[in-house]
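Me: I am new to this structure and would like a close look at a single part of it. Please take one pair of packed helices, and then say what else can be described around the sheet.

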Amino acid sequence: MEANSRSTGRLPAAFLTPGSSSFLDFLGDHAPGLLPGSKALPPIKGAVELPHGTTIVSAVFADGVILAGDRRATMGNVIAQRDMEKVFPADEYSAVGIAGTAGLAVEMVKLFQLELEHYEKIEGATLSLEGKANRLSTMIRGNLSMALQGLAVVPIFAGYDTERGRGRIFSYDVTGGRSEELGFAATGSGSVYARGTLKKLYRSDLTERQMVTAVVQAIYDAADEDSATGGPDLTRRIFPTVTVMTDEGFRLLPDSEVGAIAREVVDARQERPDGPQAPVL
């Protein structure tokens with residue numbers, strides 16, 4: 001059959017009639033070497049520095065959910081890239097933000113996008129937001145062998161649940177363990193500081209613009225304390241990537257809009273370096 005398919009230029013029948021709605025299962029059956037977690041690492045001596053990306057922040061607001069990330073990638077104490085994209089659309093109503101080993105993380109996001117598209121084409125329907133979160137959990141678990149070798153990927157998945165009519169956030173650990181976060185979440189090396197800021201500023205009744213401002217404040221504070229996180233760079237006009245998901249779908253905010261908010265935040269820090277204060281009671 002293989003020789004015949006080569007001579008005719010046609011794909012084998014198994015490729016045209018996959019037995020599963022999972023693209024990962026299909027790839028695992030026919031080309032397992034293409035999956036990130038199955039790749040063998042060459043023997044190395046000494047430490048090897050690879051680009052890492054941080055920090056990712058997400059917050060639910062009245063009309064949906066925001067997922068944002070800084071733009072810096074680092075290799076040890078060196079800035080590897082100042083304008084890395086770390087937040088990507090997963091489909092029409094959801095997005096994924098990556099933290100960890102940059103190359104593997106981007107590859108995983110692309111596979112996740114294909115996984116959702118493949119399911120929709122095979123089944124003729126989209127997965128529920130819960131189902132999407134579960135699929136991503138399976139992919140992270142498949143990367144466990146690489147994570148144990150130091151090549152970890154720890155994303156945040158956020159989206160608008162069209163069935164429940166609200167935004168939702170899911171965080172993960174390196175084993176694929178999934179948790180739904182209430183209100184807000186952060187991951188990456190600056191996540192502790194970003195989470196602290198959101199804990200102080202978060203309110204569920206904030207408008208979209210107010211919540212975007214709170215998220216930018218969180219990234220600013222993370223960059224202020226964590227050298228691996230990049231804050232708003234007014235000189236180079238590099239601003240955090242901010243995405244919004246509502247009942248109208250996924251939307252990437254333009255740099256002009258995020259830049260205007262970032263400038264307001266930076267200007268306000270000239271008067272109050274520690275940022276806005278929350279009331280004691």
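Reply: In this predicted model, helix α7 covers residues 191-201 and helix α8 covers residues 208-225. Their axes come within 7 Å and cross at roughly 145°. Two packed helices are described by these two quantities, the angle between the axes and the distance between them. The crossing of α7 and α8 is right-handed.

On the α7 side, the residues that meet α8 are Tyr193, Ala194, Thr197, Leu198 and Leu201. On the α8 side, they face Ala214, Val215, Gln217, Ala218, Asp221, Ala222 and Glu225. Sorted by class, the contact between α7 and α8 has eight nonpolar residues, two polar ones and two charged ones.

The sheet is a separate topic. Five strands form an open sheet, in the order β6-β7-β9-β10-β11, and their pairing is antiparallel. Its edge strands are β6 (87-91) and β11 (178-181), each of which pairs on one side only. On average, neighbouring strands of this sheet are turned by 25° against each other, direction ignored.

At the β6 edge, four bridges join β6 to β7 (residues 94-97), and the two strands run antiparallel. Within this pair, Asp91 stands opposite Ser94 in β7. Helix α4 (residues 102-123) packs on the sheet, where α4 touches β6, β7 and β9 (156-161). The direction of α4 makes about 15° with that of β6.

Methods: Residues are numbered from 1 along each chain as its sequence is written. This is a predicted model: local features need pLDDT of at least 70, side-chain atom pairs count only at pLDDT 80 or more; totals for chains, interfaces and linings use all residues. Side-chain values use heavy atoms; hydrogens and water are left out. Two strands pair if DSSP finds at least two bridges between them. Axes are lines fitted to C-alpha atoms, for helices over the stretch in contact, and angles run from 0 to 180 degrees between N-to-C directions. Contact means heavy atoms within 4.5 Å. A crossing is left-handed if the near helix is turned anticlockwise from the far one by less than a right angle, and right-handed if clockwise. Ala, Val, Leu, Ile, Met, Phe, Trp, Tyr, Cys and Pro count as nonpolar, Asp, Glu, Lys and Arg as charged, and the others, Gly among them, as polar.
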